[in-house]
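Subject: Handing over the structure

Hello,

Here is the structure I said I would pass on to you. Please have it open while you read, and my notes follow below.

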Amino acid sequence: LGCLDLPTSGEYSLEGRNIAALSEDELAEVRNQKIGFVFQQFNLLPRISVQRNVELPLLYDGKNGMLSQAEIHAQSAAILEAVGLADRIHHKPTELSGGQQQRVAIARALINEPALILADEPTGNLDSHTGEEIMDLLLRLNREQGMTLVLVTHDSAVAGHAQRIIRLKDGVID
């Protein structure tokens with residue numbers, strides 16, 4: 001789903017584009033502009049600020065030249081406020097708790113307003129209250145902006161938010 005591999009059979013279309021027909025560069029563009037990844041291990045760069053970590057997808061986006069630095073900073077600040085980290089914007093990831101790092105990773109996934117969010121245990125490192133807030137944010141984006149959410153979770157409370165649940169057991173749909 002993340003356009004990291006091509007389908008071995010069948011067809012996968014994302015916003016009307018057949019993924020198997022795209023070049024590596026086109027796949028990279030799709031990943032950057034259409035898919036927000038929330039990794040279980042965060043994948044934040046430790047030596048740059050939280051704000052710069054969130055801004056990274058915009059820097060790799062071909063449309064970056066269309067945005068001023070002030071606009072990029074304003075976008076990242078707004079997203080960080082939405083995930084409850086406005087007061088940590090200039091901190092480095094190593095200065096944050098695991099839950100705060102997870103929220104930075106979620107903000108980074110949202111910065112390009114992707115069509116699809118792939119989230120691996122997006123609330124796994126959060127306390128229950130913050131986890132609910134993040135789920136509310138993701139569900140609001142789904143409702144209001146039409147972002148598709150694909151969540152991988154072992155948490156039945158998180159799964160309970162889903163419109164559809166697909167269970168895998170030993171690599172097979174159960």
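What follows is a short tour of the pockets, a surface patch, the salt bridges and a few backbone points.

Please keep in mind from the start that this is a predicted model.

**The largest pocket**

A good place to begin is the largest pocket, which has a volume of about 1,000 Å³. Its lining is made up of 24 residues, and L151, V152, R164, I165 and I166 are the ones closest to the centre. Three elements give two or more residues each to this lining: α5 (128–145), β5 (148–152) and α6. Strand β5 has the largest share, with five residues. Sorted by class, the lining of the largest pocket holds 14 nonpolar, seven polar and three charged residues.

**I166 and the surface patch**

I166 is worth a second look, as it turns up again outside the pocket list. You will find I166 in the loop between α6 (156–159) and β6 (168–169). Together with L168 and I173, I166 forms a nonpolar patch on the surface, and the accessible area of the three adds up to about 340 Å². Is I166 buried or partly exposed? Its relative accessibility is 49%, so I166 counts as partly exposed; the exposed class begins over 50%.

**The second largest pocket**

The second largest pocket contains about 420 Å³ of space. There are 16 residues in its lining, with N32, F37, F39, P57 and R108 lying nearest the centre. At least two lining residues come from each of α1 (24–34), β3 (35–38), α2 (50–60) and α4 (98–110). By class, the lining of the second largest pocket consists of ten nonpolar, four polar and two charged residues.

**Three salt bridges**

Side chains of opposite charge can pair when their charged atoms come close. How many salt bridges does the structure hold? There are three, and here they are one by one.

- E15 pairs with K34, with 2.9 Å between the closest N and O atoms. This pair links distant parts of the chain, as E15 sits in the loop between β1 (13–14) and β2 (17–18) while K34 belongs to helix α1, 19 residues apart. E15 is exposed, at a relative accessible area of 52%, and K34 is partly exposed, at 30%.
- R52 and E55 meet through their side chains, at 2.9 Å from N to O. Both lie in helix α2, three residues apart, or about one turn of the helix. R52 counts as partly exposed at 31% relative accessibility. E55 has a relative accessibility of 0%, and therefore counts as buried.
- R140 pairs with E144, and here the closest N and O atoms are 4.0 Å apart. Both residues are in helix α5, four residues apart, again about one turn of the helix. R140 is partly exposed at 34% relative accessibility, whereas E144 is exposed at 58%.

**Two backbone angles to look at**

Most residues other than glycine have a negative phi, and most peptide bonds are trans. With that in mind, have a look at E113, whose phi is positive, near 50°, although E113 is not a glycine. E113 is placed in the loop between α4 and β4 (116–120). With 55% relative accessibility, E113 counts as exposed.

Where does D170 lie? D170 is in the loop between β6 and β7 (172–173). D170 is not a glycine either, and its phi is positive at about 55°. The relative accessible area of D170 is 74%, so D170 is exposed.

**One distance for orientation**

Finally, here is a distance to help you find your way around. N18 is in strand β2 and is partly exposed, with a relative accessible area of 29%. From N18 to N53, which is 35 residues away along the chain, the C-alpha atoms are separated by 30 Å.

If you would like one place to start, try I166, one of the residues closest to the centre of the largest pocket and also a member of the nonpolar surface patch.

Happy exploring, and best wishes

Methods:
Residues are numbered from 1 along each chain as its sequence is written. This is a predicted model: local features need pLDDT of at least 70, side-chain atom pairs count only at pLDDT 80 or more; totals for chains, interfaces and linings use all residues. Side-chain values use heavy atoms; hydrogens and water are left out. Patches are made of residues with over 30% relative accessible area and no salt bridge: like charges are joined within 9 Å, nonpolar side chains (Val, Leu, Ile, Met, Phe, Trp, Tyr) within 5 Å. Accessible areas come from the Shrake-Rupley method with a 1.4 Å probe; for residues, only the protein chains shown count as cover. Buried means under 20% relative accessible area, exposed over 50%, partly exposed in between (1.4 Å probe, protein chains only). On a 1 Å grid over the protein atoms alone, a cavity is a set of points where a 1.4 Å probe fits but cannot get out, and a pocket is an open set with protein on both sides within 12 Å along at least five of seven lines; lining residues have an atom within 4 Å of a point. Grid points are joined across faces, edges and corners, and a volume is the space filled by probe spheres set on the points. Ala, Val, Leu, Ile, Met, Phe, Trp, Tyr, Cys and Pro count as nonpolar, Asp, Glu, Lys and Arg as charged, and the others, Gly among them, as polar.
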